[in-house]
Amino acid sequence: MNIMDFNVKKLAADAGTFLSRAVQFTEEKLGQAEKTELDAHLENLLSKAECTKIWTEKIMKQTEVLLQPNPNARIEEFVYEKLDRKAPSRVNNPELLGQYMIDAGTEFGPGTAYGNALIKCGETQKRIGTADRELIQTSALNFLTPLRNFIEGDYKTIAKERKLLQNKRLDLDAAKTRLKKAKTAEAKSSSEQEVRITQSEFDRQAEITRLLLEGISSTHAHHLRCLNDFVEAQMTYYAQCYQYMLDLQKQLGSSFPSSYLCNNNHNAGTPVPSALPNVIGSSAMASTSGLVISSPNISDLKESSGSRKARVLYDYDAANSTELSLLADEVITVFSIFGMDSDWLMGERGNQKGKVPITYLELLN
């Protein structure tokens, strides 16, 4: 028998096996054939492996987005990686911002307050950019690479053996079906031998697959160590950034008068009407900035457990379900609750109740 005849016979045998598996699979889906079930332990291992693969992919992809938000840059890095070439170095966003600040400060004049501050801020942004680059490199090496190796290596091997197990299971069930349909003693004997062979091959493949799947626990342990490395890298990065900004704040504070630095120190914790007229009377008084300051009457109310009537000075839209919307000039009942923020009271209008800001109220006698 020459090589060509051997290849033809092999192709014919492979085609026959494929057809047999296809028929068995179809009949199982139609409920016309029995199916050999895997044992519960093996099913659990397969489910655990699939779950590990799905979540590893999601974590890996989102970590890549976190470290490199620019999708075009990620695609470029992916192409260079597949070509086994190093991607060209690129200026990151903090470094670019820092360079713009330095250039602007140089043009405005390092001797001016603004120019000097821009240069100092720019230098700090460039240091943050360097720290950002180190975070990306460390995370890619110690976290992303092991996750990718699992997806592209270990799990592909598992998937291959799992598919082979599925084929061996179809062969076994097809052999069992032929045994049931055998009419003659010779056909039964041949089918019984085929069942024994396919059963042996199925059992052997199930054991191989089980051994591979039991390695998932070791994979989890390895990924846990990689996760710790990622957390340490982030901790180092944020600690560096905090220290850089702390140093910058000290430099700016020692170089410039406080009038240059404090531009937004008012309290934003309480809602402030867009335009508040001075409120004259026993209930409230206006500050120099236009904010209504609570009177001793409101302070007394917050210290007591009683309730009072109050007139609403301005319209107020509730920010959430715990607050009560107000209309100017309406009269509501207000009272205080122990532990409530000093800038708020509880307001009540009929069956409606919610928090109201004291700056919108005038207590009535």
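Which residue in S5 is the bridge partner of Val-334? The legends below, for close-up views of a predicted model, begin with the sheet that holds this pair.

**View 1. Strands S4 and S5 pair in the antiparallel sense.** Strand S4 covers residues 331–335 and strand S5 covers residues 344–349; three bridges connect them. The partner of Val-334 in S5 is Gly-347. In general, strands of a sheet pair through backbone hydrogen bonds, in either a parallel or an antiparallel arrangement.

**View 2. Five strands form an open sheet with antiparallel pairing.** The strand order is S6-S5-S4-S3-S7. Strand S6 (352–357) and strand S7 occupy the edges; each has a single partner strand, so one side of each is left without a neighbour in the sheet. On average, and with direction ignored, neighbouring strands of this sheet are turned by 45 degrees against each other.

**View 3. Strand S3 pairs with S4 and is also joined to S7.** Strand S3 comprises residues 307–312, and its antiparallel pairing with S4 extends over five bridges. Within this pairing, Ala-310 is placed opposite Ile-332 of S4. Strands S3 and S7 likewise run antiparallel, with three bridges between them. Here Val-312 has Leu-361 of S7 as its bridge partner.

**View 4. Glu-362 of strand S7 makes a side-chain contact with Arg-311.** Strand S7 spans residues 361–363 and includes Glu-362. The side chains of Glu-362 and Arg-311 are joined by a polar contact of 2.5 Å. Is Glu-362 buried or exposed? Glu-362 counts as buried because its relative accessibility is 15%, and the cut-off for this class is under 20%.

**View 5. Ile-54, Trp-55 and Ile-59 make a nonpolar surface patch.** The patch has an area of about 290 Å². One of its members, Ile-59, belongs to helix H2, which runs through residues 40–67. Ile-59 is classed as partly exposed because its relative accessibility is 44%.

**View 6. Leu-66 of helix H2 is shown together with Ile-136.** Leu-66 is part of helix H2. With a relative accessibility of 49%, Leu-66 counts as partly exposed; the exposed class requires over 50%. Along the chain, Leu-66 and Ile-136 are 70 residues apart, while their C-alpha atoms are separated by 9.5 Å.

Key. Residues numbered from 1 in each chain as written. Predicted model: local features only at pLDDT ≥ 70, side-chain atom pairs only at ≥ 80, totals over all residues. Heavy atoms only, no water. Patch = residues over 30% accessible without salt bridge, like charges linked within 9 Å, V, L, I, M, F, W, Y side chains within 5 Å. Areas by Shrake-Rupley, 256 points an atom, 1.4 Å probe, with all protein chains shown as cover. Salt bridge = Lys/Arg side-chain N within 4 Å of Asp/Glu carboxyl O. Helix = DSSP H or I, 4+ residues; strand = E, 2+ residues; numbered from the N terminus. Buried < 20%, exposed > 50% of the residue type's maximum accessible area, 1.4 Å probe, protein only. Polar contact = N/O pair within 3.5 Å; in protein donor to acceptor, adjacent residues only side chain to side chain. Pairing = 2+ DSSP bridges. Axes fitted to C-alpha atoms, helices over the stretch in contact; angles between N-to-C directions.
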